[in-house]
Protein chains: 2
Amino acid sequence: MTLHVASATAPVNIATLKYWGKRDKDLNLPTNSSISVTLSQDDLRTLTSVACGPELQEDKLWLNGKEESLGSERTQNCLKDLRDLRAKMEASDSSMPTMSQWKLHIVSENNFPTAAGLASSAAGFAALVVAITKVFQLKEDYSEISKIARKGSGSACRSLFGGYVAWEMGQSIDGSDSKAVPVSTKEDWPNMKAAVLVVSDVKKDTPSTSGMQLTVKTSDLFQERIKNVVPKRFEEMKKSIVEKDFATFADLTMKDSNSFHATCLDSYPPIFYMNDTSRKIIRLVHNINAFYNETIVAYTYDAGPNAVLYYLEENEEKLFAFIYKYFNKVSGWDTKYNASELQNFLKKFDAVEEKLNFQTDEDIYKGVSRVILTRVGDGPQSTDQCLINKETGLPN
Amino acid sequence: MTLHVASATAPVNIATLKYWGKRDKDLNLPTNSSISVTLSQDDLRTLTSVACGPELQEDKLWLNGKEESLGSERTQNCLKDLRDLRAKMEASDSSMPTMSQWKLHIVSENNFPTAAGLASSAAGFAALVVAITKVFQLKEDYSEISKIARKGSGSACRSLFGGYVAWEMGQSIDGSDSKAVPVSTKEDWPNMKAAVLVVSDVKKDTPSTSGMQLTVKTSDLFQERIKNVVPKRFEEMKKSIVEKDFATFADLTMKDSNSFHATCLDSYPPIFYMNDTSRKIIRLVHNINAFYNETIVAYTYDAGPNAVLYYLEENEEKLFAFIYKYFNKVSGWDTKYNASELQNFLKKFDAVEEKLNFQTDEDIYKGVSRVILTRVGDGPQSTDQCLINKETGLPN
């Protein structure tokens, strides 16, 4: 079989200025701009391989070893936009193979359990769109491509870049100006690290899309958030990132997480994504910052109970003196630290314990299933690693 | 000893449009008007007796059998205002005993455990102010007197009336127009009942006063609440009460509870008063209303995790088919119902069980310590029941 094959990886991103609210559900156009940090693909990434050829009978998708439907309108929108771009190239150069008319086989795998409840759809759609962009040899830049990923999953557009990324909401009704742009590169502020505390919970309260619709429709406070609070915060947060002002970045990140969850609570019926463990972690973070009389850590919560903590590498010992102390029974620490390094975190806690001016529920770890230790990372990457058999077009 | 003695009882009130935010901390002037339902004194009331006489050496207070300091500025403000009113009367009629210069002994008791975490300060200050008003034989009406109770505890001003009460925030800086007024009497809408689910919790997150200050100072969404959301809701809720439109009253009550807690979450650091049990009860209430396709019950939460459910007497069986089913292991039911009546609630649940379209955590009752069953009630009452010894001026 004559197949054209390409593979790409894409990262997870976690918003520090939240995307919540669609002004256009079909095009995934947001009610406000947002900002995110791209996480390292060493720890969290999707790898997607695509094959394209005249002999393929139909579009097919295999996700984490299991064949899935490609029927969703969102996925179809992405494939159509990419084929349209390819068709334009073909029209201008008749020597090009007519890939735009061929079927696609797509094989995709995450290097992390979807069970973790981390926004895997962002990395998934970003990897899908980039892999097809490569097999089609499209020339558009990634901001342009991010508009296509956006149609698959809004936040996916932010996974088209590494480092610190803004999704500009745009103004036009066709979404032509609603795209991701880099705020700052990983290299500009490389010492940003993240610890994800995966909070165990009975399944999610409300799916994001219907939750957003409900908030836009029913929250009396939501309009104030999108009209006044977020636009100001968007500029302030970009500035704090460019200036590498962690204390300001952290305050804005924590405030925006709270503001987003406040509009969920103000929805009717109210939507709850955080649970008592999430709240205990919030209090712990404020207590740690107060203890050091310096903002060394920020929390943020997406549409679920998981805590994502951002901190700078140079403050890791100060932070983990507490985080490892309270969560050492949770799995995940040994992925980055050996026994003596972990022992050292406990020593750090013992050193400060007598000065401790707050209390934390000793059982707080029971609400957490694992910790994922990572850092700011790069954008999508090409890879020789291929999940698809070049002869059969089927998963390896 | 020649002592003048008077006794009065005052009720607890639970806000349906929340008081949250002070524009003047010393005078307890609120940032928005509020509305409450007065609960029956058969179940929740404070009884206060006061003695006044020339031989008393100093102002003294006994609360629930224990002598307490009268030193708090708020209590002193109340005593001063009442003595000023008395002094005016004495000045105009020299035959009156000069009580305004005599010391006071105050003995006060609640008929409910303060442990319940119910706003006992409202009933307490209302009973204190009314008892002294009686011993001083003051002629001012209760709206006027409510301004004095307000200085003791803001929400106390609403306990000066029975039925459905509004606290008009007023405009003047001296607080002369910030007072309680009746919206509707208990007799106008007598079938309003309330069930308090006392939620067990480790002590309260943040005291109300400091919590309010933090929200006013740090919440980006709070100004929208007090400038636009509450003023509109205040008029709508008064209308729903006058028209006895329970469905509208209930929706507004639930929305305002959520709006208030949303501004707490939007404060920085965030304030949390509800816990996972509170949230499960909120979901249960929305599920019950959805199940009957009719709004038969409303929840509201003050600055704590306790749920107060409002409902109409005629819907009690429909409601308790669920509430008794899920909370029958909790104490308090036998204060109002005998075994066969309670059995009947279970039968009602069995009758609808097969049509059930939602699930509730079987262990939800474990987060609740007791249920208090009550209804809309009267305002402060005079009583012959006296807690003070007329000879010695000491507690009986």
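This is a chat about the core and cavities of a predicted model.

Colleague: Which residues touch the most other members in the largest nonpolar core?
Modeller: Ile281 and Phe327, in chain A and in chain B. That core holds 158 residues.

Colleague: And what does Ile281(A) touch?
Modeller: Leaving out residues up to four places away in sequence, Ile281(A) is in contact with Leu197(A), Val199(A), Tyr301(A), Ala307(A), Leu309(A), Phe327(A), Ile364(A) and Val368(A).

Colleague: OK, switching to holes. How many cavities of 30 Å³ or more are there?
Modeller: There are 2. The largest has a volume of about 180 Å³. Its lining has 16 residues, and Leu265(A), Phe272(A), Arg279(A), Leu265(B) and Arg279(B) are the closest to the centre.

Colleague: Which helices supply at least two residues each to that lining?
Modeller: Helix H6 (246–265) of chain A does, and so does helix H6 (246–265) of chain B.

Colleague: How does the lining of the largest cavity split by class?
Modeller: You get 12 nonpolar residues, plus 2 polar and 2 charged.

Colleague: What about the second largest cavity, what's its volume?
Modeller: About 30 Å³. From chain A, Thr218(A), Asp220(A), Asp266(A), Ser267(A) and Tyr268(A) line that cavity, and from chain B, Arg233(B), Lys255(B), Asn258(B) and Ser259(B) do.

Colleague: Which element gives the most to the lining of the second largest cavity?
Modeller: H6(B), with 3 residues.

Colleague: And the classes in the lining of the second largest cavity?
Modeller: That lining has 4 charged, 4 polar and 1 nonpolar.

Notes. Residues numbered from 1 in each chain as written. Chains lettered and ligands numbered in written order. Predicted model: local features only at pLDDT ≥ 70, side-chain atom pairs only at ≥ 80, totals over all residues. Heavy atoms only, no water. Core = buried A, V, L, I, M, F, W, Y, C linked by side-chain atoms within 4.5 Å. Buried < 20%, exposed > 50% of the residue type's maximum accessible area, 1.4 Å probe, protein only. Contact = heavy atoms within 4.5 Å. 1 Å grid on protein atoms, 1.4 Å probe; cavity = no way out; pocket = protein on both sides within 12 Å on 5 of 7 lines; lining within 4 Å. Points joined across faces, edges and corners; volume = space filled by probe spheres on them. Helix = DSSP H or I, 4+ residues; strand = E, 2+ residues; numbered from the N terminus. Nonpolar A, V, L, I, M, F, W, Y, C, P; charged D, E, K, R; others polar.
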